[in-house]
Amino acid sequence: MPIDVSAALAAEPRRAEIGWDHKDVQLYHLGLGAGTPATDPDELRYTLESRLQVLPGFATVAGAGTAAFGGMGAPGIDVDLAAVLHGGQTVRVHRPIPVTGRAVQTSKVAAVYDKGKAAVIVLRTEASDDDGPLWTNDAEIFVRGEGGFGGERGPSDRLTVPERAPDRTVERPIREDQALLYRLSGDWNPLHADPAFAKLAGFDRPILHGLCTYGMTLKAVTDTLLEGDVSRITAYRTRFAGVVFPGETLRIRMWTGDGRVQVTVTAAERDDAPVLADTLVEHS
């Protein structure tokens, strides 16, 4: 079996030193569509270095985008990358991310679950600086054809969509060039830029990065319900339920609760086709 669960879980974490500055943060925010209108004070906190704050989703690209798949080269993991899908993502921030920083990032396989026809590998990436822990990333990697080995099925993180109407619904357009800009933060997969490659993957044109949709959604929730204050966010998770294309519009529905916002994200032009599901923002 290509996945040796015992070896993967027992492997020593991979360690790397990473650094970033305001330009990396600004590029990430611009890749999410920040800066429209360019002189809007609410947008300047994402784009102007003198007012800059860091959206917690930046943790997924800090260190040139290594966070999501940093553990795929671990001992015991030998899979066909063509069978790999990014199934879900969780970011937990332990304190606000500084605009400029250096950190030690460790990556390991935290769990391997048996879903029958597929395996789910949970890759955990933790970052700390001189002042202590900064963030913990969990990327759920879905590997088709690698299940059925008798392992634990794992927890179910499915959320029931509230039966009542959303408390807020907003729409966020995706620029035609947005995937080209977002990929400069570190995800160079040609699926998001090369029409010929996209066709080989079964799409009629390049798709937007799932983590770009992830970041756009968190920004929308922050701006709509958290007064634009990123320091209130403590954790954010989602399941990638479908694709969206540059030029389309995200429809983001939000239900508020006690210290949490439940979210669904759909593609408005395609009859609300699911894009993100089981999405939850935890906040103070």
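A residue counts as partly exposed when its relative accessible area lies between the buried limit, under 20%, and the exposed limit, over 50%. The model toured here is predicted.

**Helix 6**

Select aspartate 223, which has 23% relative accessibility and therefore counts as partly exposed. Next, add lysine 219, which at 9% relative accessibility counts as buried. The side chains of aspartate 223 and lysine 219 meet in a salt bridge, at 2.9 Å from N to O. Both residues belong to helix 6 and stand 4 residues apart, about one turn of the helix.

**From helix 6 to the loops**

The structure holds 17 salt bridges. For another of them, select glutamate 248 and arginine 205, whose side chains meet at 3.8 Å, N to O. Glutamate 248 sits in the loop between strand 7 (233-240) and strand 8 (249-257), while arginine 205 sits in the loop between helix 5 (195-200) and helix 6 (210-225), so this salt bridge ties together parts that are 43 residues apart in sequence. Is glutamate 248 buried or exposed? Its relative accessibility is 6%, so glutamate 248 counts as buried. Arginine 205, at 33% relative accessibility, counts as partly exposed.

**Strand 8 and its partners**

Display strand 8 together with strand 6 (residues 168-173); the two pair in the antiparallel sense over 6 bridges. Within this pairing, proline 173 stands opposite threonine 249 in strand 8. Now add strand 9, which runs antiparallel to strand 8 and is joined to strand 8 by 8 bridges. Strand 8 and strand 9 form a hairpin with 2 residues between them. Center the view on glycine 259 in the turn, where phi is positive, at about 70°.

Move along strand 8 to arginine 253, whose bridge partner in strand 9 is threonine 264. Which residue forms a salt bridge with arginine 253? That residue is aspartate 272, with the closest N and O atoms 3.0 Å apart. The pair links distant parts of the chain, with aspartate 272 in the loop between strand 9 (260-267) and strand 10, and arginine 253 in strand 8, 19 residues apart. Aspartate 272 is partly exposed, at a relative accessible area of 25%. Add Glu171 and Arg251 to the selection: with Arg253 and Asp272 they are linked in a network of salt bridges.

**Histidine 283**

Continue to strand 10 (residues 273-283) and select histidine 283. With a relative accessible area of 17%, histidine 283 is buried. A polar atom of the histidine 283 side chain lies 3.4 Å from the backbone nitrogen of arginine 260. Not counting residues up to four places away in sequence, histidine 283 touches Leu226, Arg232, Ile233, Thr234, Gly259, Arg260 and Val261. Glycine 259, in the turn of the hairpin, is thus met again among these contacts.

**The nonpolar cores**

Finally, display the largest nonpolar core, which has 49 residues. Select Trp20, Phe58, Ile97, Trp135, Leu250 and Ile252, the members with the most contacts inside this core. Helix 6 supplies the largest share of the core, 7 residues. Centering on tryptophan 20 shows its contacts beyond four places in sequence, including Val25, Phe58, Ile97, Pro98, Leu134 and Trp135. Apart from this core lies another, of 15 residues; Val5, Ile77, Val79 and Val143 are among them.

Conventions. Residues are numbered from 1 along each chain as its sequence is written. This is a predicted model: local features need pLDDT of at least 70, side-chain atom pairs count only at pLDDT 80 or more; totals for chains, interfaces and linings use all residues. Side-chain values use heavy atoms; hydrogens and water are left out. Buried means under 20% relative accessible area, exposed over 50%, partly exposed in between (1.4 Å probe, protein chains only). A polar contact is a pair of N or O atoms within 3.5 Å; within protein, one must be able to donate a hydrogen and the other to accept it, and residues adjacent in sequence count only if both atoms are side-chain atoms. Contact means heavy atoms within 4.5 Å. A salt bridge is a side-chain nitrogen of Lys or Arg within 4 Å of a carboxyl oxygen of Asp or Glu. Two strands pair if DSSP finds at least two bridges between them. A nonpolar core is a set of buried Ala, Val, Leu, Ile, Met, Phe, Trp, Tyr and Cys residues joined through side-chain atoms within 4.5 Å.
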